[in-house]
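Subject: Handover of a structure and summary of findings

Dear colleague,

Please find below the structure that I am handing over to you. My findings follow directly after it, arranged by topic.

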Amino acid sequence: VLLLAAIAYYLLQTLIVAEAGGAQSSLDAAIGEDWRGKLSPLLYLVGIATSFFAPKLAGAAYVFVALIWLIPDRRLERVIATSAERQER
């Protein structure tokens, strides 16, 4: 289920960026490489694959994904703040 949620997140983000103007949009610039969005499904796959022979390693992969998403993402806030400053001038 977590793997499917991660894939859905990636697809939704891709569609929103495409609707907002594609690769030239400020939203795409704000999102950047999105390492967390790309790393999460990979770690979920590792967790699924290793759960059969190393359940503790699988659990560690799931916990690591949860921990990386606990760190707040300030990318969009910076772009919005910069955009608001430009409009005020």
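In which helix is Tyr9 found? Tyr9 is found in helix α1. With a relative accessible area of 34%, Tyr9 is partly exposed. Its C-alpha lies 19 Å from that of Ser26, and the two residues are 17 apart in sequence.

Confidence of the model

Please note that this is a predicted model. The mean pLDDT of the protein is 89, and 100% of the residues reach 70 or more. Among the elements, helix α4 (residues 55-70) has the highest mean pLDDT, at 95. The lowest belongs to helix α5 (residues 75-88), with a mean of 79.

Asp34 and its backbone

I would draw your attention to Asp34, which is placed in the loop between α2 (26-31) and α3 (35-50). Although Asp34 is not a glycine, it has a positive phi of about 50 degrees. Is Asp34 buried or exposed? Its relative accessible area is 4%, and Asp34 therefore counts as buried, the limit being under 20%. The side chain of Asp34 is also joined to that of Arg75 by a polar contact of 3.5 Å.

Salt bridges

How many salt bridges does the structure hold? There are five. As background, side chains of opposite charge can pair when their charged atoms come close.

One of the five joins the side chains of Asp73 and Arg36, with an N to O distance of 3.4 Å. This pair links distant parts of the chain, since Asp73 is in the loop between α4 and α5, Arg36 is in helix α3, and 37 residues separate them. The two partners fall into separate accessibility classes: Asp73 is partly exposed at 33% relative accessibility, whereas Arg36 is buried at 8%.

Asp73 also forms a salt bridge with Arg75, in which the closest N and O atoms are 2.5 Å apart. A further salt bridge brings together the side chains of Glu77 and Arg74, at 3.4 Å from N to O. Glu77 is partly exposed, with a relative accessible area of 46%, and Arg74 is likewise partly exposed, at 43%. Which residues are joined into one network by salt bridges that share partners? They are Asp34, Arg36, Asp73 and Arg75. The buried loop residue described above, Asp34, is thus a member of this network.

The largest pocket

The volume of the largest pocket is about 160 Å³. Its lining consists of Tyr10, Gln13, Thr14, Val17, Asp28, Ile31, Gly32, Glu33, Asp34 and Lys38. Two elements, α1 (2-19) and α2, each give two or more residues to this lining. Which element gives the most? That is α1, with four residues. Sorted by class, the lining has four charged, three polar and three nonpolar residues. Asp34 appears here again, as one of the lining residues, in addition to its place in the salt-bridge network.

Two further residues of helix α3

Ser40 lies in helix α3 and counts as buried, at 4% relative accessibility. What joins the side chains of Ser40 and Trp69? A polar contact of 2.7 Å does so.

Gly47 also belongs to helix α3. Gly47 is buried, with a relative accessible area of 0%. How far apart in space are Gly47 and Ile80? The distance between their C-alpha atoms is 36 Å, with the two positions 33 residues apart in sequence numbering.

Points to carry forward

Should you wish to begin with a single residue, Asp34 links several of the topics above: it has a positive phi, it is part of the salt-bridge network, and it lines the largest pocket. When you examine helix α5, please bear in mind that its mean pLDDT of 79 is the lowest among the elements.

With kind regards

Notes:
Residues numbered from 1 in each chain as written. Predicted model: local features only at pLDDT ≥ 70, side-chain atom pairs only at ≥ 80, totals over all residues. Heavy atoms only, no water. pLDDT = per-residue confidence, 0-100. Buried < 20%, exposed > 50% of the residue type's maximum accessible area, 1.4 Å probe, protein only. Salt bridge = Lys/Arg side-chain N within 4 Å of Asp/Glu carboxyl O. 1 Å grid on protein atoms, 1.4 Å probe; cavity = no way out; pocket = protein on both sides within 12 Å on 5 of 7 lines; lining within 4 Å. Points joined across faces, edges and corners; volume = space filled by probe spheres on them. Nonpolar A, V, L, I, M, F, W, Y, C, P; charged D, E, K, R; others polar. Polar contact = N/O pair within 3.5 Å; in protein donor to acceptor, adjacent residues only side chain to side chain.
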